[in-house]
Amino acid sequence: VGLGSASGAGAVALYRRNAVGLWSRSATLSPADSMPEDHFGIGVAIDGRVALVQKEQHALYVFERRQGTWIERQRITFADKELLDMLGNHRLDQANGTAAVASFVFIPGEEEPVNQTIVFERRKNGTFRRVATLRTSTESRLALGHSVALDSSGKRLLIGNPEEQNVQPFQSVGAAYIFERHGGQWPVKPGRDAGTRWRACLPYP
C-alpha cells in the first residue's frame, strides 16, 4: 500500500494475513535515496517475495524479502525522454519473473508523447533487465498502455487502450491488446480487430 507523507517523499506499507485471516503491517519500504517530492509508492506490484515500487516518473525500485527482511536490490532508471505514468493504478504489474510498466516517450517529429509498455524479465541474480518495448501503429497509440496486466505465467500481457476508436465527439470505443511471449519476442496476438473490445478490465487472471 502506498503511503503519503508531508514531504511528498512517500513510502510503502506491506501487510501480511495471519492464520485467522487478520491483516497486520509487516514492513515499511522506502528507498535509500529518498528525497522530498519523490512520490515513492505511486505504483506498487508484488509477486511473492519480490516487490516493484515506482518513484515519480523516472525510476522503479526492486525489493526482495530475505529471511523475513525486505532488502532494496535494484534501482531501474529510464532514458531522459521516457516518463512513467504518474497515475500508478494498473500501470505496473509483475508475475513469475516478468514485469510490465506503462510509460511515455518523446519521439522526434511527434507533437505529443507516445505511450508504450516496457517489459522486464528477472535474471537469475534477482535483478531485472529490459527486454521489450511494446507499441502499436494505430493513430490512437497515445492511449495504449492505459492499463497493463500479466497472467500468472508471466507469458501473456494484456494492454488496455480506452481510446482505440473515436465514434463521436467525447466518446471512444476501447480495445485490449494481448501480447504473448514466443522465443523471447512479444508479438501481438492476431485477430484483435475481430474480437471483443473492452474498456480496460483488470485484473487479468
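A salt bridge is a side-chain nitrogen of Lys or Arg within 4 Å of a carboxyl oxygen of Asp or Glu. The exercises below apply this idea, and later that of ring pairs, to a predicted model.

**Exercise 1.** Determine which residues are linked with Glu64 in a network of salt bridges, and examine two of the contacts that Glu64 makes.

*Solution.* Begin with the general principle that side chains of opposite charge can pair when their charged atoms come close. In this structure, which holds ten salt bridges, the network joins Arg49, Glu64, Arg66, Arg73 and Arg122.

Next, take the contacts one at a time. Between Glu64 and Arg66 the closest N and O atoms are 3.7 Å apart, and between Arg122 and Glu64 they are 3.4 Å apart, so both values satisfy the limit of 4 Å. The pair of Arg122 and Glu64 links distant parts of the chain, since Arg122 belongs to strand S11 (residues 114–122) and Glu64 to strand S6 (residues 59–66), 58 residues apart.

Finally, consider accessibility: Glu64 is buried, with a relative accessible area of 5%, whereas Arg66 is partly exposed at 41% and Arg122 is partly exposed at 26%.

**Exercise 2.** Work out which parts of the chain are tied together by the pair of Asp33 and Lys55, and decide whether each residue is buried or partly exposed.

*Solution.* First, the side chains of Asp33 and Lys55 meet in a salt bridge, with 3.7 Å from N to O. Asp33 lies in the loop between strand S3 (23–29) and strand S4 (40–47), while Lys55 lies in strand S5 (residues 50–55), so the pair ties together parts that are 22 residues apart in sequence.

Then compare each accessibility with the cut-off, under 20% for buried: Lys55 has a relative accessible area of 8% and is buried, but Asp33, at 29%, counts as partly exposed.

**Exercise 3.** Classify the ring pair of Phe40 and Phe63 as stacked, tilted or edge-to-face.

*Solution.* The count comes to three aromatic pairs. In the pair asked about, the ring centres of Phe40 and Phe63 are 6.1 Å apart and the planes stand at 70 degrees, so the pair is edge-to-face, the cut-off for this class being over 60 degrees. Phe40 in strand S4 and Phe63 in strand S6 are 23 residues apart, and their pair links distant parts of the chain. Phe40 is buried at 2% relative accessible area, and Phe63 counts as buried at 3%.

As a last step, place these two rings in their surroundings: ring pairs link Phe40, Tyr61 and Phe63 into a cluster.

Technical notes
Residues numbered from 1 in each chain as written. Predicted model: local features only at pLDDT ≥ 70, side-chain atom pairs only at ≥ 80, totals over all residues. Heavy atoms only, no water. Helix = DSSP H or I, 4+ residues; strand = E, 2+ residues; numbered from the N terminus. Buried < 20%, exposed > 50% of the residue type's maximum accessible area, 1.4 Å probe, protein only. Phe/Tyr/Trp six-rings, centres within 6.5 Å; stacked < 30°, edge-to-face > 60°.
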